[in-house]
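Hi everyone, thanks for coming. I'd like to walk you through one model today, so please have a look at the screen.

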Amino acid sequence: MSVTYNKLWHLLLDRGMKKKDLKEAAGLTGHTMLKLRKDQDITTETIGKICKALGCEMTDIMEINKKNNDKGTKHEE
């Protein structure tokens, strides 16, 4: 499974914020912003910073993308 941050981008649009505004408000690095744009994994610390800056919950900014399962990965039980 993969994570998508589409909810975050919609939230920023709804609030009239730009990505650079989020970067400054949450104290994020350019590298972290790149990872967000590419729907890559980020730390829970970073998620916390974003949520604190935006006054929201984790589920308001991200969701699991069930359609995009990692191919070739097998989970053995």
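Let's start with the cysteines: the sulfur of cysteine 51 has its closest cysteine sulfur in cysteine 56, and at 4.2 Å that is too far for a bond. A disulfide here means a pair of cysteine sulfur atoms within 2.5 Å, and a search of the whole structure finds zero of them. Seen from the other side, cysteine 56 has cysteine 51 as its closest partner, sulfur to sulfur, again at 4.2 Å.

Before I go on, a word on where this comes from: it is a predicted model, where local features need pLDDT of at least 70 and side-chain atom pairs count only at pLDDT 80 or more, while totals for chains, interfaces and linings use all residues. Residues are numbered from 1 along each chain as its sequence is written, and side-chain values use heavy atoms, with hydrogens and water left out.

So, are those two cysteines buried or exposed? Cysteine 51 is buried at 11% relative accessibility, and cysteine 56 is buried too, at 12%. For that term, buried is under 20% relative accessible area, exposed is over 50%, and partly exposed is in between, with a 1.4 Å probe and protein chains only. Across the protein, 30% of the 77 residues count as buried.

Now the overall layout. There are four helices and two strands, in the order β-α-α-α-α-β along the sequence. Those are DSSP runs numbered from the N terminus: helices are H or I with at least four residues, strands are E with at least two.

Helix α3 covers residues 30–37 and includes arginine 37, which is partly exposed at 43%. Arginine 37 joins Lys19, Lys23 and Lys38 in a surface patch of positive charge. Such a patch takes residues with over 30% relative accessible area and no salt bridge, joining like charges within 9 Å, or nonpolar side chains (Val, Leu, Ile, Met, Phe, Trp, Tyr) within 5 Å. A salt bridge, in turn, is a side-chain nitrogen of Lys or Arg within 4 Å of a carboxyl oxygen of Asp or Glu.

Next, aspartate 39, in the loop between α3 and α4 (44–54). What is the phi of aspartate 39? It is near 55 degrees, a positive value in a residue other than glycine. Most residues other than glycine have a negative phi. Aspartate 39 is partly exposed, at 28%.

Last stop: methionine 58, in the loop between α4 and β2 (63–65). Methionine 58 is partly exposed at 44%. Its C-alpha lies 9.5 Å from that of leucine 8, and the two are 50 residues apart along the chain.

Note on methods:
Areas by Shrake-Rupley, 256 points an atom, 1.4 Å probe, with all protein chains shown as cover. Lys, Arg positive; Asp, Glu negative; His and termini not counted. Charge placed at Lys NZ, Arg CZ, Asp CG, Glu CD.
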